[in-house]
Amino acid sequence: MATAPPTPSMASNANVLRRIDSKNPPNPLLLLPKCTSLRELEQIHSFAIKTHLQNDLSVVTKLINFCTQSPTMTSMTYAQKLFDKITEPDVVLYNTMARGYSRSNYPRQAIALFVLVLGSGLLPDDYTFTSVLKACASSKAFQEGKQLHCVAIKLGLDDNVYICPTLISMYTECNDVNAARQIFDKISEPCVVLYNAIITGYTRSSRPNEALSLFRELQLRDLKPTDVTMLSVLSSCALLGALDLGKWIHECAKKFEIDKYIKVSTALIDMYAKCGSLEDAISVFENMQVRDTPAWSAMIVAYATHGQGHKAIAMFEEMRKAKVQPDEITFLGLLYACSHNGLVEEGWKYFSSMSDKYKILPGIKHYGCMVDLLGRAGHLDDAFKFIDELPIKPTPILWRTLLSACSSHGSVELGKKVIKRIFRLDDSHGGDYVILSNLCARVGRWEDVDFLRKLMKDRGVVKVPGCSSIEVNNVVHEFFSGDGVHSTSTSLHHALDELMIELKMVGYEPDTSLVFHAEMEEKDKEITLRYHSEKLAIAYGLLNTPPGTTIRVVKNLRVCGDCHSAAKHISMIFDRQIILRDVQRFHHFKNGKCSCDDFW
């Protein structure tokens, strides 16, 4: 009768046993460095029991340490069983367990352990605080984090070099970056780790200007930035769309030889793409010696957001040929590419292959891309059905995506149906009221318009003002829609007034149908359009940059149709390329045309 071949796990366990000399049994701790799985650890633990070392604190500590290095639910359960058998665990053992839980999916267990430390009369040390504060940050346990801070102050550890960065991270993760800054400011000689913590905090809190200011301060102190520093400041540049600042930081990365890190190179691709320089993003990607999944994904997303959907798809095919496994971000880029290029069949194909072929579970953003894909293509009923039949509870953003598509295709009745779904989840977003109000106004349903405006007022909902920014000489200038309506004193407003006259001479006509106030005169509607934020930013760029240079503008909302038309005419008259990043994508205006082909 044939004997079955040994399985890999059996062979692995046999290897462990073969390493044990029964005549001269070694200390089982010597086997731990060669241990590669929890199953092997269990065998070492069994051998420790046989050699009467199961109660040796140093042995148990090292066993628990192995379980907490890369914690899983199974390994932490095993570690907890080992821990519970110790009658008087010391603070080192508590710290080891707390570290494991802080890295796991159950971080609040680390907080519970801290309570046990205090109850047992042990004195927590800097390692205790760093692990438990990390647990508070990851679980958003703000009140517990503040209590830990108080205990650290009481013990005189609040200015500890290890505890301060984790305190800063805890406060920023719990959305109190001002408290984090107060901790930072109390340190007379902050090190680069502290700078990294506060810079990262500002970046994640969408306060890029403060992050970049601290980066300059770090340089003035002659501190050497790390890859962590670069990742945060590059993200800040991306948020601002500040290309010149991003290029300067790229040079800093080269100076300190940090640009070779794969994560930094990927962040550079993302920064250049979000700052409107697709060429620089491609250059960084092509110069990478090693490209992992995030790097490929960043390049696919870059092509997609710049309206080059077919290149994004071609990049994915190259990625497959390179045998690099795609991830969730890869498919976000592909679905985005299909959405902004009207590739409905291709979008369905990639969406299906996520789970069928690559075993990647779609997330809310993937569902949002599919709604956008169907909505842009005019398949509004299919989009509604898609949301209604999702295996998860739809978020307001999914319904808002469909509401925007209803507006683009003039579907009032479906729009009203969709907004009811939105209001069940969130009735505080001003943009929802404005989209449906404008849609109703376009078809002359002024009673509905008045009702929605009154509803906004009664609920205290306000519209987010349009804001556009432009970077000139390393300074980011912001403009808000309507800034010039009641002012005629500045050179910018004079220049914009003259620009509109010049544009009309080459065929530009203000689309006053986009101003939805029945009582407003045509002249007043035209003035309202004239001082939209993107026109102000473009005019500022024309006045303050050399002829022929590219004008790059970032807007917080979707670009309006009238500004889109004006930008095409401006690019033709002044022979300028204008790159406008709105909340959805990039528009490249050149020679009177836009890269979106008016499909956006």
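This note goes point by point through a predicted model of one protein chain.

1. **Overall make-up.** The protein chain has 600 residues, and 50% of them count as buried. Its secondary structure comes to 30 helices and six strands. Along the principal axes, the C-alpha trace spans about 100 × 70 × 50 Å.

2. **Contacts along the chain.** Take the contacts between residues at least 6 apart in sequence. Of these, 63% join residues at least 24 apart.

3. **Helix 2.** This helix covers residues 38-50. Its 13 residues should span 18 Å at 1.5 Å a residue, and the end C-alpha atoms are indeed 18 Å apart, so the two values agree. Seven names make up the buried list here: E40, L41, Q43, I44, H45, F47 and A48. Just past the end of helix 2 comes H52, with a positive phi of about 60 degrees.

4. **The second largest pocket.** Its volume is about 620 Å³. The lining has 25 residues, and those closest to the pocket centre are T130, K134, Y162, P165 and T166. Five helices each supply at least two lining residues: helix 5 (91-103), helix 7 (126-138), helix 9 (163-173), helix 11 (192-204) and helix 13 (227-240). Sorted by class, the lining has twelve polar, eight nonpolar and five charged residues.

5. **K323.** Look next at the loop between helix 18 (309-321) and helix 19 (328-339), where K323 is found. K323 is not a glycine, yet its phi is positive, at about 60 degrees. Is K323 buried or exposed? Its relative accessibility is 76%, so K323 counts as exposed. The cut-off for that class is over 50%.

6. **S407.** This serine belongs to helix 23, which runs over residues 396-409. S407 has a relative accessible area of 16% and is therefore buried; the limit for buried is under 20%. Which residues does S407 touch, leaving out those up to four places away in sequence? They are I435, L439 and R442.

7. **N473.** Strand 1 (467-472) and strand 2 are joined by a loop, and N473 lies in that loop. Like K323 above, N473 is a residue to check for its backbone angle: phi is positive, about 55 degrees, although N473 is not a glycine. With a relative accessibility of 66%, N473 counts as exposed.

8. **Helix 27: length and burial.** Helix 27 (residues 491-505) has 15 residues. From first C-alpha to last, the helix reaches 21 Å, close to the 21 Å expected at 1.5 Å a residue. Its buried residues are L492, H493, L496, L499, M500 and L503. Why do they fall on the same side of helix 27? Because they cover an arc of only 115 degrees around the axis.

9. **Helix 27: surroundings.** The buried residues of helix 27 pack against four elements: strand 2 (475-480), helix 28 (522-530), helix 29 (533-544) and helix 30 (561-573). On the other side of helix 27, the exposed residues are S491, E498, I501 and M505. Just after helix 27, G507 takes a positive phi of about 110 degrees.

10. **The cavity.** How many cavities of 30 Å³ or more does the structure hold? One. The largest cavity has a volume of about 40 Å³. Its lining is made up of G241, K274, C275, G276, R552, V553, V554, I579, R581 and F586. Two elements give two or more residues to this lining, namely strand 3 (551-555) and strand 4 (578-581). Strand 3 gives the most, with three residues. By class, the lining has five nonpolar, three charged and two polar residues.

Terms used
Residues are numbered from 1 along each chain as its sequence is written. This is a predicted model: local features need pLDDT of at least 70, side-chain atom pairs count only at pLDDT 80 or more; totals for chains, interfaces and linings use all residues. Side-chain values use heavy atoms; hydrogens and water are left out. On a 1 Å grid over the protein atoms alone, a cavity is a set of points where a 1.4 Å probe fits but cannot get out, and a pocket is an open set with protein on both sides within 12 Å along at least five of seven lines; lining residues have an atom within 4 Å of a point. Grid points are joined across faces, edges and corners, and a volume is the space filled by probe spheres set on the points. Ala, Val, Leu, Ile, Met, Phe, Trp, Tyr, Cys and Pro count as nonpolar, Asp, Glu, Lys and Arg as charged, and the others, Gly among them, as polar. The expected span of a helix is 1.5 Å times one less than its number of residues. Buried means under 20% relative accessible area, exposed over 50%, partly exposed in between (1.4 Å probe, protein chains only). The arc is that of the directions from the helix axis to the C-beta atoms. Contact means heavy atoms within 4.5 Å.
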